[in-house]
Amino acid sequence: MSLPSSHILRKSLLTGAREAEGVVVVIDVYRAFTSAALMVHLGAEKIVLVAEPEAVLRLKRESGYLAVGEVGGKRVPGFDLGNSPSRILAAGREPFAGRAVAQRTSAGVAGALAAASRSDVVILGSYATAGAIAQYVKGLSPPPALVSLVAMGAGGEGVTPEDEACADYIEHLLTGRPYDHTAALRRIVAHECTQKFLRGDQERFPSTDPIYCLQRDLFDFVIVAAQENGQLVARGVDVRG
């Protein structure tokens, strides 16, 4: 059953994350929550979302967490991996299976942390999990009165087409509103948000990352974040019947 379009609230950037209400889907296609989906797929037991790099390194040092993420798009010294889906996938299952991950990113993670205080549920959104997100949200009982779709954009500060288009796609899945993925891809690929990867001239932006980030509905799980012992902890939730 589709949700009424009046139940969907569209927001963008960190400002929008702070204003989001109800069931909140924080969307970061390039690259945080595509990376998160791949880490769950590779066996990560949980992902702790962390604001500061120093806190990630402390969790690594004191509790053996895998440290993943970026500042300014670059892997932080001492982190095990950066924010690259292609490099996460290349690492394979061994680093992730049964492990706790501490993730820090400038847009997606920051947005999830900002949204957590006002939301009923925080979901980490990407094309890779969009279908599962829609299935999960439509299966909630009682049905949500409000679903906030928050497109995080570049660093949480500038609107970008990949996150807005992913929000369009999730809204389409929830409400039936028309969505044209071919047109969305044309806008996304032409934009600097993708071209900086395709040029292949910056080590922090692997040219293969967009291939993984723009795949729709790869996984049958949704990643839901909730407060646990003072931390915002994300876990995969299987939506298969």
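**View 1. Strand β3 pairs with strand β6.** Four bridges link β3 (residues 46-49) to β6, and the two strands run parallel. For a landmark in this predicted model, look for Leu-49, which sits opposite Gln-103 of β6. Strand β4 (residues 66-71) also joins β6 through four bridges, again with the strands running parallel. Here Leu-66 is a handy residue to pick out, as its bridge partner in β6 is Val-101.

**View 2. Strand β6 is covered on both faces.** How many of the five residues of β6 are buried? Five of the five are, so this strand (residues 100-104) is largely enclosed by the rest of the structure. On one side you will find Ala-100, Ala-102 and Arg-104, and on the other Val-101 and Gln-103, all of them buried. Gln-103 and Val-101 may look familiar from the previous view: Gln-103 faces Leu-49, while Val-101 is partnered with Leu-66.

**View 3. Helix α3 and what lies over its buried residues.** In α3 (residues 53-63), the buried residues are Pro-53, Ala-55, Val-56 and Leu-59. Which strands help to cover them? The cover includes β3, β4 and β6, together with β10 (231-238). Follow the chain just past the end of α3 and you reach Gly-64, whose phi is positive, at about 75 degrees.

**View 4. Helix α6 crosses helix α7.** The helices α6 (residues 130-138) and α7 (residues 161-175) pack with their axes 9 Å apart and at an angle of about 40 degrees. That angle makes α6 oblique to α7. The crossing of the two is right-handed. On the α6 side, the contact is made by Ala-130, Gly-131, Ile-133, Ala-134, Val-137 and Lys-138; on the α7 side, by Tyr-169, Ile-170, Leu-173 and Leu-174. Sorted by class, these are eight nonpolar residues, one polar and one charged.

**View 5. The buried residues of α6 and their neighbours.** Staying with α6, its buried residues are Ala-130, Ala-132, Ile-133, Ala-134 and Val-137. Besides α7, they pack against the strands β2 (22-27), β7 (119-125), β8 and β9 (221-228). Ile-133 is one of the residues to keep an eye on, being buried and also part of the contact with α7.

**View 6. Helix α7 meets helix α8.** Now turn to the other partner of α7 shown in these views, α8 (residues 181-190), where the axes come within 9 Å and cross at roughly 165 degrees. The two helices are therefore roughly antiparallel to each other, and their crossing is left-handed. Pro-161, Glu-162, Ala-165 and Asp-168 of α7 make the contact with Ala-184, Arg-187 and Ile-188 of α8. Four of these residues are nonpolar, none is polar and three are charged.

**View 7. Val-150 in its surroundings.** Val-150 belongs to strand β8 (residues 147-151). Is this residue buried or exposed? Val-150 is buried, and its relative accessible area is 0%. Leaving aside residues up to four places away in sequence, Val-150 touches Lys-11, Ser-12, Leu-13, Gly-16, Ala-17, Ala-20, Val-24, Val-25, Val-26 and Ile-27. A further residue to find in this view is Asp-28: 122 residues separate it from Val-150 in sequence, yet the C-alpha to C-alpha distance is 8.8 Å.

Conventions:
Residues numbered from 1 in each chain as written. Predicted model: local features only at pLDDT ≥ 70, side-chain atom pairs only at ≥ 80, totals over all residues. Heavy atoms only, no water. Buried < 20%, exposed > 50% of the residue type's maximum accessible area, 1.4 Å probe, protein only. Pairing = 2+ DSSP bridges. Axes fitted to C-alpha atoms, helices over the stretch in contact; angles between N-to-C directions. Parallel < 35°, antiparallel > 145°, perpendicular 65-115°, else oblique. Left-handed = near helix turned anticlockwise from the far one by under 90°. Contact = heavy atoms within 4.5 Å. Nonpolar A, V, L, I, M, F, W, Y, C, P; charged D, E, K, R; others polar.
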